[in-house]
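Please open the model in your viewer and keep the selection tool at hand. The tour below proceeds from one selection to the next.

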Amino acid sequence: MLIATQAVSLARRIIQERTPANVSAKGDRDMVTDVDLAVEEAVREFLAAETPEIGLLGEEHGQTGSTAQNWVLDPIDGTANFARGIPLCAVSLALVDGTKPVLAAIDAPFLDTRYTASSGAGAYVNGEPIECSSVENLSDAMISIGDFATGEHAAEKNRIRLNLLAELGANAQRIRMIGTAAIDMAWVAQGKLDATINLSNHPWDTMAGALVVREAGGMVVDHDGSDHSMESGYTIATTPGIYTAIMTRLADAQR
Ligand code: IPD
């Protein structure tokens, strides 16, 4: 855990000290800033020196080395927020064994908050243990959803998102769109949110959050209820009390 927390501390310092000077397009309405790149490069260099035997998958530079265990890094999750000075963004770092995360650190530099978890040892915020909420009714639940899709097949993907929004909007207490899957999941673990539904799965956005949620007593699954992993298509993280209600609404939204 020490190496993971040192890595996210390094990332936090860069994010706090630098304002984005250059925002460039990666694809349809998808962007990267010079700070995303600087953070990924610094963390890569640090982890390569500390754990040369472990590979790394990063959002901006892809896979280097490939081993049974890999670090999975999003240097800035919530880049669109960060580029506009919205303080909801996080560094997300997981150690993944095969396809499952075993160690996680999520650092939100502008919230002065760090979430950590390791397999079987619980989830923590700034060193204090956290647990998912005990909410049991959708009508009491605050639920966040992931960003709308962009790029190829966006219209069809967004049809399901819009259906889901209608289903949840009609039944949940409140809906939120935070713009960073790592914070969405950390907030489910902390009980600030009761569920988060992201109809995509980029491992750098979700691997650390999945472990933090599980270690806080929550569930993280794919669209069919199978355990979430690197290979899942969707990322659904929820407190157990509303699991069935969430999966029923999601199934309805996909019709
Ligand atoms: C995005 C955020 C967002 C999620 C998107 C991700 P990025 O990550 O996590 O909440 O809905 O699917 O791509 O691009 O800001 O690292």
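**The ligand and its surroundings**

In this predicted model, begin by colouring domain 1 (2-129) and domain 2 (138-253): the shell around the ligand draws at least three residues from each of them.

Next, select the ligand itself. The space that the ligand takes is the largest pocket.

Now display the 15 residues around the ligand; those that come nearest are Asp77, Gly78, Thr79, Asp147 and Ala181. Colour this shell by residue character, and two nonpolar, eight polar and five charged residues will appear.

Which strand gives the most to the shell around the ligand? Select residues 69-77, which form strand β5; this strand contributes three residues.

Proceed to the oxygen atoms of the ligand. Show the side chain of glutamate 59, where a polar atom lies 3.1 Å from a ligand oxygen. At glycine 179, show the backbone instead, since an N or O atom there lies 3.4 Å from an oxygen atom of the ligand. Finally, select serine 200, whose side chain places a polar atom 3.5 Å from a ligand oxygen.

To close, display the surface: of the 380 Å² of accessible area that the ligand has on its own, the protein covers 89%.

Terms used:
Residues are numbered from 1 along each chain as its sequence is written. This is a predicted model: local features need pLDDT of at least 70, side-chain atom pairs count only at pLDDT 80 or more; totals for chains, interfaces and linings use all residues. Side-chain values use heavy atoms; hydrogens and water are left out. A residue is near a molecule or strand if one of its heavy atoms lies within 4 Å of it. A polar contact is a pair of N or O atoms within 3.5 Å; within protein, one must be able to donate a hydrogen and the other to accept it, and residues adjacent in sequence count only if both atoms are side-chain atoms. Accessible areas come from the Shrake-Rupley method with a 1.4 Å probe; for residues, only the protein chains shown count as cover. On a 1 Å grid over the protein atoms alone, a cavity is a set of points where a 1.4 Å probe fits but cannot get out, and a pocket is an open set with protein on both sides within 12 Å along at least five of seven lines; lining residues have an atom within 4 Å of a point. A molecule sits in a cavity or pocket if more than half of its atoms lie within 2 Å of its grid points. Helices (H or I, at least four residues) and strands (E, at least two) are DSSP runs, numbered from the N terminus. Ala, Val, Leu, Ile, Met, Phe, Trp, Tyr, Cys and Pro count as nonpolar, Asp, Glu, Lys and Arg as charged, and the others, Gly among them, as polar. Domain bounds come from an automatic or database domain assignment.
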